[in-house]
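Let's take a walk through this one together, starting from a single side chain and working outwards. Have the 3D view open as you read.

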Amino acid sequence: MTEEMQQQSEPVSGERLPAVTVGLFGPRKLVKTMSEVGQEVVERSVHGVRFLTGGYDDLSEAEERYLRLRDRIDAAVFPGPWAFDLATTGHWLTVPSTHLPLTGAALYAALLRASLTIKDVDLSRVSIDSLSLADVSEAYSEIGLDTAQVYDVPYEGPESVAGFAAFHREKWERQHTTVALTTILDVERELRAGGVPVLRIAPTRSSVRDALETAVLLGQGTRMGAHQLAMIAVQVIPTGASRAESGDYWQQELALSTHQKLLSEARQVGASVTRRSDTLFLVTTTYGALLRLTEQFAVAPFLGALTAQLGVPVAVGAGTGQTARAAEANALMAVEDSVAAGGKVAVYLDGSSDRVDLEPGPATTDSAPVDGTSPIDQRALEIVTSIASAMSSTPGRQVVVDVESVAAIMQVTQRTGRRMLKELVEAGLAWPLPPARSTAGGRPRQQFRLLTEKLD
């Protein structure tokens, strides 16, 4: 039976947003978790939010469950990329949708459950499907385990799922692994029936909450055009001359400066900033905010200010779409056009109209200053000062540390040292360096450069 959760409270301030209904789809047990987290989202929302559930026992029932609710929902959440892609390629998706992300955090939980429930399990000898090699390597690095005998097959589209069960079975039969970790319910059932120890990787409640809140935003976008999701891609265009003149860590320094300046600019319209690489950043906002940033599509957002502040060319592309994926794709295509133009104009694409070129705005901005006095910033300042003092570095010389050296200086465990370095990175007081190759073999040691010049 379909369940409902509803809240009809009124907005307390700001622009009125419409009430939205979001459909939750997936295996029944997972949908139950989604519903529980959804209740938290309902209770925290100041706008009307309702969740309808469409749980199923088998993926073959997914389309029927969706079609039953499609006329009553404004957005949808699917259990993972496979179900989402099947809905897209099957052409039965009718509303903006997202899916639950599966990351290293979900892998941590699966590994813990395996160690507690499976006898004689060896967590360094497992087979994993769906997750990327980068996510697996990062997760194992965090818990200090080697990945030499960890086998991973990533999700690369719906067709790749057909080989997951055979992949796990082959590794088990050849005694290469002690447990299979899968994200697919049907794969779990098939392996369990064949006697292969198996556990399913499930998304964390935190990632479920993020997906549900994203779906609410998407649903509001379908009900009110001004709140349609928009993406702005910002691409730094480094020049050979500036790179040669600026030292070994020029690219990392430039990425840090770009990120900080974008955060300051985006804060004024309630947007969020994500770093994709050292030169590419994505700003997530709404169509209404994009209108304000571009002065009704008269000037380019960020372009003039960033180019002047960074001293290098910057390309900007903006995009909107019926889904977050479509908006991002349009923004990335647009920024490529801006790069081709040398960053002289920003480009806007919405997937239906012609390209719109936007001229740079003023080179100066009234961005709000970054508040460096928050508790975490003050703590980070104390940490970096203590480490830099203990290193007794020569004035002007770069200070490079790793987890082990930080733990020794601060007289803490390596786990706490790793957490301290994370705080420094988030506070803009340290920068992770590319891992150096080890001549002795094994995993390269991650090093960080302390930005001690910011202590002056």
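**From one buried ring outwards**

Start at Phe25, which has a relative accessible area of 1% and is therefore buried. Keep in mind as you look around that this is a predicted model.

What does Phe25 stand opposite in β3? Its counterpart there is Gly54. The strands behind that match are β2 (residues 20-27) and β3, which pair in the parallel sense over 8 bridges. Strand β3 itself covers residues 49-56, and 7 of its 8 residues are buried, so the rest of the structure largely encloses it.

Now for the rings. Searching the whole structure turns up 8 aromatic pairs. One of them joins Phe25 and Phe78: the ring centres sit 5.7 Å apart and the planes meet at 25 degrees, so this pair counts as stacked, the cut-off for stacking being under 30 degrees. Phe25 belongs to strand β2 and Phe78 to strand β4 (residues 75-78), so the pair ties together parts that are 53 residues apart in sequence. Phe78 has a relative accessibility of 2%, so it counts as buried. These two rings have company, too: Phe25, Tyr66, Phe78, Phe84 and Trp92 make up one aromatic cluster.

For another pair, go to Tyr287 and Phe297. Their ring centres are 6.1 Å apart with planes at 45 degrees, so the pair is tilted. Tyr287 is in helix α11 (residues 287-293), while Phe297 is in the loop between α11 and β13 (299-300), 10 residues apart. Are these rings buried or partly exposed? Tyr287, at 25% relative accessibility, counts as partly exposed, and Phe297 gets that label as well, at 21%. The cut-off for buried is under 20%.

Last stop: helix α5, residues 133-142. Its buried residues include Val136, Ala139 and Tyr140. Why do they end up on the same side of α5? They cover an arc of only 95 degrees around the axis, and that is what puts them there. The general rule behind this is that an α-helix has 3.6 residues a turn, so residues three or four places apart point the same way. Among the elements covering the buried residues of α5 are α4 (104-117), β6 (126-130) and β7 (151-154). Swing round to the face turned away from the buried side of α5, and you'll find the exposed residues Ala134 and Glu138. After α5 comes Gly144, with a positive phi near 75 degrees.

Conventions: Residues numbered from 1 in each chain as written. Predicted model: local features only at pLDDT ≥ 70, side-chain atom pairs only at ≥ 80, totals over all residues. Heavy atoms only, no water. Buried < 20%, exposed > 50% of the residue type's maximum accessible area, 1.4 Å probe, protein only. Helix = DSSP H or I, 4+ residues; strand = E, 2+ residues; numbered from the N terminus. Arc of directions from axis to C-beta. Contact = heavy atoms within 4.5 Å. Pairing = 2+ DSSP bridges. Phe/Tyr/Trp six-rings, centres within 6.5 Å; stacked < 30°, edge-to-face > 60°.
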